[in-house]
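Okay, thanks everyone for coming. I'd like to walk you through a protein model today, and I'll keep it relaxed. Have a look at this on the screen.

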Amino acid sequence: MALDRLIEGILECKNPTVAGLDPKLDYIPAFLKEKAFAQYGETLEGAAAAILEFNKGLIDALCGIVPAIKPQCAYYELYGWQGVKTLHETIVYAKEKGMFVITDGKRNDIGTTMQAYAQAHLGSVAVGFQTPEPFGGDALTVNPYLGSDGVTPLLDVCKAQDKGIFILVKTSNPSSGELQDQVFESGETLYSTVGGLCEKWGEALPGKYGYSGVGAVVGATYPEQLRELRRSLPHTFFLVPGYGAQGGGAKDVAPAFDQNGLGAVINASRSIMTAWKKNGMPEQDYAKEAAKEAVRMRDEIVGEIGGLSRP
């Protein structure tokens, strides 16, 4: 099961974190942009080429330290089909380096449309006698607002292709409570209801470490809800955004973990990608500084949770 592979990567690296690759041109060192623009001009192709080289440098520096990357589709779609091609090439490159890839697309639809999203991001598609993988991610973030009709089409693809999903449950943004904290007559919140559905949906994708292939997105900015959901969702692996630039720290994310230091992977994006700027270092050192920030983040979190051990 796909999230077993993520857990094994976490154990191998002794690092329960994921690097978000959400590149804006403002984050890219000038020397990379100048090189790309000299070849392709100040075009979408030039932007995409600069981002790809930036990503490859980060992946080279982070593989072996961080077990996974999480590219956010919007930052690639921003640069048209050229950017989407860079998304594909980034995924391929990371997987060649042995990294797990969580595609952050927050997709949501029903029936055959959702099946198409599943095949695009997690599966394969028939083209004549061939079945190539369009993107080849290992897991996909999913918006559950349409209910089971928007999730069950993914489960068959996940089972057949050894892939996973992460359902939005309690997100890290300030206004998440406008919907997610709503309380039903039963006294249960919307986010806890969705969490319970994750447990139910996950029964179709059991894993050997006790966690299913249906994970949950639970933000670091709400540590009490994180603690509550960890207790109530024993088979659901968490993807935890909100660390670093959004304000979450090691103490905030600690409740996401089980007694073995497993059960969650913590995401940081800007704090890793732009570490060279924050530290006032030369732009040529962007990848080296990203690796240093990833190590600092790892040590801070592992120190807080007391280490990781195999169940």
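I'll go through a pair of helices, then some ring contacts, then a few loop residues.

One thing before we start: this is a predicted model. Please keep that in mind for everything I say.

So, let's begin with helix 6 and helix 7. Helix 6 covers residues 111-121, and helix 7 covers residues 152-161. How far apart are their axes, and at what angle do the two helices pack? The axes are 8 Å apart, and the angle is about 35°. If you turn the model to look at the crossing of helix 6 and helix 7, you'll find that it is right-handed.

Who meets whom there? From helix 6 we have G111, M114, Q115, A118 and Q119, and they meet P153, L154 and V157 from helix 7. Sort the residues of that contact by character and you get five nonpolar, three polar and no charged.

Let's stay on helix 7 for a moment. Which of its residues are buried? They are P153, L154, L155, V157 and C158. And what do the buried residues of helix 7 pack against? Helix 6, strand 4, strand 5, helix 9 and strand 6.

There's a glycine that belongs in this picture too. G123 is in the loop between helix 6 and strand 4. G123 has 0% relative accessibility, so it counts as buried. Skip the residues up to four places away in sequence, and G123 touches A118, E133, P134, V157 and Q161. A118 and V157 are names you've just heard, from the contact of helix 6 with helix 7. As for P134, it is 11 residues along the chain from G123, and their C-alpha atoms are separated by 7.6 Å.

Right, on to the rings. How many aromatic pairs do we count? Three. Take F31 and Y286 to start with. Their ring centres are 6.5 Å apart and the planes sit at 50°, so we call this pair tilted. F31 is in helix 2 and Y286 is in helix 14, and these two are 255 residues apart, so the pair links distant parts of the chain. Is F31 buried or partly exposed? Partly exposed, with a relative accessible area of 28%. Y286, on the other hand, is buried, at 5%. And there's a third member: F31, F54 and Y286 form one aromatic cluster.

Now look at Y211 and F237. This pair is edge-to-face, with 5.7 Å centre to centre and 85° between the planes. Y211 lies in the loop between helix 9 and strand 6, while F237 lies in the loop between helix 10 and strand 7, so the pair ties together parts that are 26 residues apart in sequence. Both of these residues are buried: Y211 has a relative accessible area of 5%, and F237 has 0%.

Rings can also have a charge sitting over them. Zoom in on Y222 and you'll see the charged end of K170 over its ring, 4.1 Å from the ring centre. You can find a similar arrangement at F238, where the charged end of R230 sits over the ring, 4.0 Å from its centre.

Last stop, the loop residues. K14 is in the loop between helix 1 and strand 1. It isn't a glycine, yet K14 has a positive phi of about 55°. Is K14 buried or exposed? Its relative accessibility is 56%, so K14 counts as exposed.

D162 also has a positive phi, near 60°, and is a residue other than glycine. Where is it? Just after helix 7, in the loop between helix 7 and strand 5. With 30% relative accessibility, D162 counts as partly exposed.

And finally E188, which you'll find in the loop between helix 8 and helix 9. E188 counts as partly exposed, at 35% relative accessibility. Leaving aside neighbours within four places in sequence, E188 is in contact with Q182, V183 and T193. If you want a distance to try on screen, go from E188 to S148: they are 40 residues apart along the chain, and their C-alpha atoms are separated by 18 Å.

That's my tour. Happy to turn the model around again if anyone wants another look.

Methods
Residues numbered from 1 in each chain as written. Predicted model: local features only at pLDDT ≥ 70, side-chain atom pairs only at ≥ 80, totals over all residues. Heavy atoms only, no water. Axes fitted to C-alpha atoms, helices over the stretch in contact; angles between N-to-C directions. Helix = DSSP H or I, 4+ residues; strand = E, 2+ residues; numbered from the N terminus. Left-handed = near helix turned anticlockwise from the far one by under 90°. Contact = heavy atoms within 4.5 Å. Nonpolar A, V, L, I, M, F, W, Y, C, P; charged D, E, K, R; others polar. Phe/Tyr/Trp six-rings, centres within 6.5 Å; stacked < 30°, edge-to-face > 60°. Buried < 20%, exposed > 50% of the residue type's maximum accessible area, 1.4 Å probe, protein only. Lys NZ or Arg CZ within 6 Å of the ring centre and 35° of its normal.
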